[in-house]
Amino acid sequence: MTVNSKRGEFALFVVGIPARGYPHRSAQIAMRSLRPLNTIVRVVRASRGLSLQAYPAIDTKMSADRLKVAFLGPPASFSHQAAAESFEKTDAELLPHVSFADAFTAVQHQVADYAVIPFENSTNGSVVQTLDLLADRSALYTDVEVCGEYYLTVHHCLLVRKGTYPSGWAGYDGSITKLYTHPQAWGQCENLLSQHFKGVERQDVSSTSKAAEIVSKETGEQAAAIASKFAAEYHGVDILKENIEDRADNTTRFLILRNTRVERTAQLEFEQASTSPAATTRKTLISFAIDHSSPGALANALLIFKAHGLNLTSINTRPSLKRAWQYIFFVECGRTPSDENKEAVLKALEGLRAETEFVRDWGSWKDQLSA
Ligand SMILES: O=C(O)C(=O)Cc1ccccc1
């Protein structure tokens with residue numbers, strides 16, 4: 001086993017043939033030894049067995065010139081994983097926040113350069129908490145824009161306090177009376193929940209990692225958390241069952257936010273330079289509201305995207321909260337950049353301004369699926 005430290009980050013390699021199951025013995029030892037260093041460890045396949053990559057859970061090295069990235073904490077949340085992976089080529093400080101709203105606020109007030117926020121999940125759909133922040137009904141985040149996206153494969157585990165189920169899932173006796181997780185996670189694990197936890201109380205908490213933390217301290221009841229194996233390691237709890245997500249390809253798309261007034265985030269250091277920029281689709285997110293009493297108002301707004309060659313890739317709505325049954329619409333559209341369509345988004349926005357009650361351009365970024 002070797003541990004290399006470079007600029008406060010750790011690259012750790014455990015070489016050996018992994019035993020059946022995870023983590024095998026040397027990985028367990030490695031993880032334990034890194035815990036005091038506040039380090040998150042992730043497993044990658046290596047030619048000679050198993051390799052663990054480690055990155056700092058909370059940065060200890062703070063400096064004004066390092067990029068700061070806000071994410072939903074505590075450390076070992078899925079947002080932390082997405083932030084660490086999307087910024088792995090940079091020397092960024094990763095800063096945990098207790099809510100998505102706090103992460104938005106950190107970007108708006110230039111406390112953080114970026115925020116990494118979940119937007120939608122392949123199993124469970126849109127993250128409504130994020131849409132509500134993007135609705136920005138009180139104009140709190142006027143300087144925030146989307147500048148990137150990141151796809152994270154999400155594997156959930158059922159976690160219990162250390163030593164409470166020594167015979168593991170095979171010997172599970174149905175005694176868990178309370179489950180904790182982030183609201184996003186329930187819908188990604190419905191198969192297991194409906195089969196084995198019918199009628200068991202479900203408690204929403206601020207993140208999956210918080211759920212693991214709660215369970216690690218729980219003494220009064222038989223509780224379990226749904227969270228990642230990193231959260232299990234970080235909070236020192238047992239994995240009762242791994243990969244409990246309904247679908248093996250369960251993926252969350254995160255948006256990367258920046259502040260439009262901050263010059264140093266205009267270059268997007270987290271993005272790898274593309275060899276053929278023209279071949280990658282650019283996505284744009286636009287929110288707008290229409291006059292609900294005007295027949296065809298929504299159809300007319302959507303036709304503007306078509307007229308400018310913009311391909312609609314997602315549509316979401318949230319209540320306007322001005323009048324019941326009226327909505328804010330969120331439209332994502334894509335285009336493969338060409339000389340003909342370089343003004344397409346600007347022209348569409350112009351058209352939308354004439355057809356809608358309000359419109360907001362949330363920014364454009366490289367479509368990672370086409371990259
Ligand atoms: O709670 C977390 O860990 C988050 O980062 C939010 C979340 C929850 C479930 C899947 C993806 C993101």
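This text goes through the predicted model from the whole chain to its domains, cores, ligand shell and a few single residues.

The chain has 371 residues, of which 42% count as buried. Ten helices and 19 strands are assigned along the chain. Of the contacts between residues at least 6 apart in sequence, 72% join residues at least 24 apart.

Four domains divide the chain: domain 1 (2–56), domain 2 (68–154 + 250–265), domain 3 (157–240) and domain 4 (277–366). The centres of domain 2 and domain 3, taken over C-alpha atoms, are separated by 25 Å. Domain 2 brings 17 residues to the contact between these two, and domain 3 brings 13 residues. On the side of domain 2 that touches domain 3, α2 and β7 each supply at least two residues. By class, that side of domain 2 consists of nine nonpolar and eight polar residues, with no charged residues.

Two annotations come from the UniProt record, an unreviewed entry. "Domain: Prephenate dehydratase" is placed by the unreviewed UniProt entry on residues 68–259. The span 68–259 is 28% helix and 31% strand, and its end C-alpha atoms lie 12 Å apart. "Domain: ACT" is placed by the unreviewed UniProt entry on residues 286–363. For residues 286–363 the end C-alpha atoms lie 8 Å apart, with 29% of the span in helix and 36% in strand.

Next come the cores. In soluble globular proteins, nonpolar side chains tend to be buried together. The largest nonpolar core in this model has 59 residues, and those with the most contacts inside it are Val69, Ala70, Ala103, Val107, Ala115, Val116 and Leu257. This core lies between domain 2 (68–154 + 250–265) and domain 4 (277–366), because both give residues to it. Another core lies apart from this one; it has 27 residues, among them Tyr180, Val215, Ile226 and Ile244. Within the largest core, Ala103 can serve as an example. Leaving aside neighbours within four places in sequence, alanine 103 is in contact with Ala70, Phe71, Leu72, His97, Ala115 and Ile117.

Helix α4 (residues 128–135) has Thr130, Leu133, Leu134 and Ala135 as its buried residues. The elements covering these buried residues include α3 (100–108), β7 (114–121), β16, β17 (311–319), β18 (327–335) and β19 (358–366). Just after α4, aspartate 136 takes a positive phi of about 45°.

The ligand is surrounded by 13 residues, the closest being Ser77, Ser79, His182, Ser207 and Thr208. Helices α2 (78–86), α5 (183–186) and α7 (208–217) are the elements that give two or more residues to this shell. The shell holds five nonpolar and eight polar residues and no charged residues. Between which domains does the shell lie? Domain 2 (68–154 + 250–265) and domain 3 (157–240) both give residues to the shell, so it lies between them.

Three single residues complete the account. Glutamate 213 is in helix α7, which also gives two or more residues to the shell around the ligand. Is glutamate 213 buried or exposed? Glutamate 213 has 23 C-beta neighbours inside 10 Å and therefore counts as buried, the cut-off being 20 or more. Apart from neighbours within four places in sequence, its contacts are Pro74 and His235. Glutamate 213 and isoleucine 239 are 26 residues apart in sequence, and their C-alpha atoms are 13 Å apart.

Leucine 240 is found in strand β14 (residues 238–241). Leucine 240 counts as partly exposed because it has 19 C-beta neighbours inside 10 Å. Beyond neighbours within four places in sequence, leucine 240 is in contact with Leu158, Leu159, Val160, Tyr165, Gly168, Trp169, Tyr172 and Ala224. Leucine 240 and leucine 268 are 28 residues apart in sequence and 40 Å apart in space, C-alpha to C-alpha.

Threonine 260 sits in the loop between β15 (251–259) and β16 (282–289). Threonine 260 has 13 C-beta neighbours inside 10 Å, so it counts as partly exposed. Its contacts, neighbours within four places in sequence left aside, are Asp143 and Glu145. From threonine 260 to glycine 363 the separation is 103 residues in sequence and 9.4 Å in space, C-alpha to C-alpha.

Conventions
Residues numbered from 1 in each chain as written. Predicted model: local features only at pLDDT ≥ 70, side-chain atom pairs only at ≥ 80, totals over all residues. Core = buried A, V, L, I, M, F, W, Y, C linked by C-beta atoms within 7 Å. Buried ≥ 20, exposed ≤ 12 C-beta atoms within 10 Å, placed from the backbone. Domains from an automatic or database assignment. Contact = placed C-beta atoms within 7 Å. UniProt positions renumbered as here; feature names shortened; annotations may be inferred. Helix = DSSP H or I, 4+ residues; strand = E, 2+ residues; numbered from the N terminus. Near = placed C-beta within 6 Å. Nonpolar A, V, L, I, M, F, W, Y, C, P; charged D, E, K, R; others polar.
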